[in-house]
Amino acid sequence: MGEIDTKVNLLGIELDNPIIPASGTFGFGYEFNDLYDINILGTFSWKGTTKEPRYGNATPRIAETPSGMLNAVGLQNPGVEKVVTVEAEKLAKVFHKKVMANVSGFSIEEYVEVCEKVSKLDMVGWIELNVSCPNVHGGGLAFGTDPENIKAVVREVKKVINKPLIVKLSPNVTNIVEMAKAAEEAGADAVSLINTLLGMRINLKTGKPLLANTTGGLSGPAVFPVAVRCVYQVAHAVNIPVIGMGGVSSAEDVLEMMMAGATAVQVGAANLVNPYACKEIIEDLPRVMEKYGIKSLKDIIGGRK
């Protein structure tokens, strides 16, 4: 069939392949480098970073579900000062590509301050603004469920950064297209979706919720069809790139996401089940592309031409 081309272009930066481990499932990257050379990745989105260090929510904060998992970790991270010094330094020793910096906040001022700091790092290629975490009271999701809030935070962040801005959207809304359009209108360079779906489980012995946080974010194969639908709807409604995620666990899933309209694809919960998930998907991509007669991934974004 000739040469198979897995390369994609994400906002002016060429990726060797579209595979991006999702934020919160890959730490700050260097931990996974003990298992395999992480430079085979397209890039990865580092752990959600906030202004102050966060210890996250009380435990238990993980619960299994028949086709995925619930998490209510609550943005546990060492805070932006430590991230831009200690964590970035450790990563720079092993990762030689641009990294995606995932940022969260509890106010517009906080988002702005954290984005400004991470934007100064040469290794950061893109900033992914998380306005959609369902496990943090008062932050994240509060911004992501109101188009006016999204516009406000995007406008302010764009003033202080010199890197492309990707806005990560929540599926826990009536109309995700409206949120994507708001982000685009305010100057976002791309959108990524979906973050986790809000869910809960109850312990039959106690009659109380399994998670200390009561609710958590559902991820894994269970959410994949919802994610494909959201990516498809958003990709047809905006003129900026879409990064697809939600339950992706195979090379076939990657092709499906890209046909729905994704330029690149994030892999989340699969990394927690199998730390080699992204490596295996990347290695399998050429075989699956050949099986479906696809020479270049760029040709299938938004459907087969």
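Begin with the whole protein chain, coloured by burial: in this predicted model, 56% of the 305 residues count as buried. The accessible surface that remains comes to about 12500 Å², and carbon and sulfur atoms account for 52% of that area.

Next, switch to a cartoon view of the chain. Nine helices and 13 strands make up its secondary structure. The radius of gyration is 18 Å, close to the 19 Å that the globule rule gives for 305 residues, so the chain is as compact as a globular protein of that length. Along the principal axes, the C-alpha atoms fill a box of roughly 55 × 50 × 40 Å. Among contacts with a separation of 6 or more, 71% join residues 24 or more positions apart. To view the charges, select the 30 positive and 33 negative ones; their mean positions lie 3 Å apart.

Now move to the interior. In soluble globular proteins, nonpolar side chains tend to be buried together. The largest nonpolar core here has 92 residues, and those with the most contacts inside it are Trp-46, Leu-129 and Leu-193. Helix 9, residues 277-291, gives the most to this core, with seven residues.

Centre the view on Trp-46. Apart from neighbours within four places in sequence, its contacts include Ser-23, Gly-24, Gly-27 and Phe-28. Further along the sequence, Trp-46 also touches Val-83, the run Val-99, Met-100, Ala-101 and Asn-102, and then Val-118, Leu-121 and Val-124.

Select helix 7, residues 251-260, next. This helix is mostly covered, with seven of its 10 residues buried. The buried positions are Ala-251, Asp-253, Val-254, Leu-255, Met-257, Met-258 and Ala-260. Display the surrounding elements to see what covers them: strand 1 (8-10), strand 3 (19-21), strand 12 (242-245) and strand 13 (264-267) are included, as are helix 6 (224-235) and helix 9. Just after helix 7 comes Gly-261, whose phi is positive, near 130 degrees.

Finish at Lys-298, in the segment after helix 9. Its relative accessibility is 36%; since this lies between the 20% and 50% limits, Lys-298 counts as partly exposed. Show its surroundings: leaving aside neighbours within four places in sequence, Lys-298 is in contact with Asp-5, Lys-7, Val-8, Asn-9 and Glu-14. A C-alpha to C-alpha distance from Lys-298 to Thr-263 gives 7.8 Å, although the two are 35 residues apart in sequence.

Terms used
Residues numbered from 1 in each chain as written. Predicted model: local features only at pLDDT ≥ 70, side-chain atom pairs only at ≥ 80, totals over all residues. Heavy atoms only, no water. Core = buried A, V, L, I, M, F, W, Y, C linked by side-chain atoms within 4.5 Å. Buried < 20%, exposed > 50% of the residue type's maximum accessible area, 1.4 Å probe, protein only. Helix = DSSP H or I, 4+ residues; strand = E, 2+ residues; numbered from the N terminus. Contact = heavy atoms within 4.5 Å. Rg over C-alpha atoms; globule rule 2.2 N^0.38 Å. Areas by Shrake-Rupley, 256 points an atom, 1.4 Å probe, with all protein chains shown as cover. Lys, Arg positive; Asp, Glu negative; His and termini not counted. Charge placed at Lys NZ, Arg CZ, Asp CG, Glu CD.
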